[in-house]
There are 2 protein chains.
Amino acid sequence: MTAKGISTEENILNVAREVFMRNGYSGTTMQQIADEAGINKSLLHYYYRSKEKLFGQIFAEVFSQFIPELGKIFMTDKSLEEKIRAFVDSYIEGFIRNPLIPIFVMQELSTNPQHLADLIRKSGIDPEMVIKMISESLKKEDLNIQDPRQFMVNMIGLCVFPFAAQPLIQRLIFNNDEKAYSKFLLERKHEVSEFLLNAIRKG
Amino acid sequence: MTAKGISTEENILNVAREVFMRNGYSGTTMQQIADEAGINKSLLHYYYRSKEKLFGQIFAEVFSQFIPELGKIFMTDKSLEEKIRAFVDSYIEGFIRNPLIPIFVMQELSTNPQHLADLIRKSGIDPEMVIKMISESLKKEDLNIQDPRQFMVNMIGLCVFPFAAQPLIQRLIFNNDEKAYSKFLLERKHEVSEFLLNAIRKG
DNA sequence: TATATTTTTGTCCAATTGGTTAAACCAAAA
DNA sequence: TTTTGGTTTAACCAATTGGACAAAAATATA
């Protein structure tokens, strides 16, 4: 038990999540995690047998926050316009709460793509089915969408990119004004939805 | 001199660039670079005094390939439509040739934002000036662009994201079909331009 | 209380880390 | 041929790495 009434096990997980997300797998040492958690290094191995196991658990959890619940939102009977607004809003909101998710997940999958296969297998969901379902839902309405896959990448990319590139954008476009950048991110919920809807409007 | 008539110094740089881009700074060891370059570890330190120096040189070079030459393209007297097409085309083309650039640069700047300050200072260019110039150029024509900064992030994000998220998209949307994904990326040059132009068309 | 059980720590380990140094090598100049 | 300069190597270093292990401390159970 720590001061806050949190179990040691949970405390380790919280600290490790933070450090791993900040510095990546190889940029993080077990000693570092132990120090920041205020415990002995051996205790890490007591609860989570190895660095890989600890990281694996954290990555799986963060990964599930990155993969959008496209299926759920696009299976409702709302209009496509409403679906897009709902998705963009909740997806961006999630990253505002935890801005490191995108770069952490994408970087790890870039150097270690085989993690992906494991995670998909464990999740049990069938990506192809979900994609097909959404594609159908996109084609249904009379909109200017030639390739649903391109549109999905556009939609997700517009949400994700500003977080992955935060330091760059904040410095180059906002002269390192953190407040201004936060405001920019909030405004993006509206901006991205409108942008997407304009782009697929027929005429 | 190596077999290909390339100097040892240059060969080290090429190998190091590849390894660093694949595994990041802390995921790379000097031994690894030495092995892949077919030389002794001491030789690395002979040519590039330290790991940091070697990495710094490589990062500066790759970074300059990531920062789009927005200024150049948007200062011409083409129409905005032509400018956008020209930019998207050349920017995406560059990443097709070297797909690891985006994730490498964004990841490094995420864990080490102070690199950015140094690089900008060394480059001598004034980001604020460039941004202002482009903003003006975007406002000139009668288009549906409320905030030029949002539009710039949209444009760059649509180009960059598919490369940063390549493993994910390739697996989830293209069932790991590399060929299909390459085709998708090629088609994106046209897709992104059209998408952007549709989105800012008035009416 | 005394006895298990769980949690935490200190100590140790082999391997690897980035880096140094002196010696060996080798082609070209003298 | 000897000398000179840059190049390459082997040996070595202190520090750090992830991890093992048993003792100790704390807690639960009897």
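For the counts around DNA strand C, Ala, Val, Leu, Ile, Met, Phe, Trp, Tyr, Cys and Pro count as nonpolar, Asp, Glu, Lys and Arg as charged, and the others, Gly among them, as polar. On that basis, the surface near DNA strand C comes out as four nonpolar, eight polar and four charged residues. Everything shown in these views comes from a predicted model.

**View 1. Around DNA strand C, both protein chains take part.** There are 16 residues around this strand, and the ones that come nearest are N40(A) and S42(A) from one chain, with T29(B), S50(B) and K51(B) from the other. As for whole elements, chain A brings α3, while chain B brings α2 (30-37), α3 and α4 (51-66), each giving two or more residues to the surface near DNA strand C.

**View 2. Over at DNA strand D, look for T29(A), S50(A), K51(A), N40(B) and S42(B), the closest residues.** They belong to a set of 15 residues that surround the strand. Here α2 (30-37), α3 (41-47) and α4 (51-66) of chain A each give two or more residues to the surface, and so does α3 (41-47) of chain B. Sorted by class, the surface near DNA strand D holds four nonpolar, eight polar and three charged residues.

**View 3. Chain A and chain B sit around a rotation axis.** Turn chain A by 180 degrees, with 0.0 Å of shift along the axis, and it lands on chain B with an RMSD of 0.1 Å. That's the relation of a two-fold axis. Both copies use the same surface, with 100% of the contact residues of chain A recurring in chain B. To find the axis from chain A, go to A199(A): its C-alpha comes closest of the residues in that chain, at 1.9 Å.

**View 4. Here is the contact between the chains, with 42 residues from chain A and 42 residues from chain B.** On the chain A side, α1 (8-23), α7 (101-111), α9 (127-140), α10 (148-164), α11 (166-172) and α12 (178-199) supply at least two residues each. α10(A) gives the most, with ten residues. By class, the side of chain A that touches chain B has 22 nonpolar, 14 polar and six charged residues.

**View 5. C159(A) is one of the residues with the most contacts inside the largest nonpolar core.** The others picked out on that score are A164(A), C159(B) and A164(B), in a core of 100 residues. Leaving aside residues up to four places away in sequence, C159(A) touches V88(A), Y91(A), I92(A) and V192(A). In soluble globular proteins, nonpolar side chains tend to be buried together.

**View 6. Chain A splits into domain 1 (8-60) and domain 2 (67-199).** Their C-alpha centres lie 29 Å apart. Where the two touch, domain 1 of chain A puts in six residues and domain 2 of chain A puts in six residues. On the domain 1 side, α1 and α4 of chain A are the elements giving two or more residues. That side divides into four nonpolar residues, one polar and one charged.

**View 7. Pull back to chain A as a whole, and you'll see twelve helices and zero strands.** Its C-alpha atoms fill a box of roughly 65 × 45 × 35 Å along the principal axes. Of the 203 residues in the chain, 35% are buried. Among contacts in chain A with a separation of 6 or more, 60% link residues 24 or more positions apart.

How values were computed:
Residues are numbered from 1 along each chain as its sequence is written. Chains are lettered from A and ligands numbered from 1 in the order in which they are written. This is a predicted model: local features need pLDDT of at least 70, side-chain atom pairs count only at pLDDT 80 or more; totals for chains, interfaces and linings use all residues. A residue is near a molecule or strand if its C-beta atom, placed from the backbone, lies within 6 Å of it. Helices (H or I, at least four residues) and strands (E, at least two) are DSSP runs, numbered from the N terminus. Copies are superposed by least squares on the C-alpha atoms of residues with pLDDT of at least 70 in both. Two residues are in contact if their C-beta atoms, placed from the backbone, lie within 7 Å. Domain bounds come from an automatic or database domain assignment. A nonpolar core is a set of buried Ala, Val, Leu, Ile, Met, Phe, Trp, Tyr and Cys residues joined through C-beta atoms within 7 Å. A residue is buried if 20 or more other C-beta atoms lie within 10 Å of its own, exposed if 12 or fewer, and partly exposed in between; C-beta atoms are placed from the backbone.
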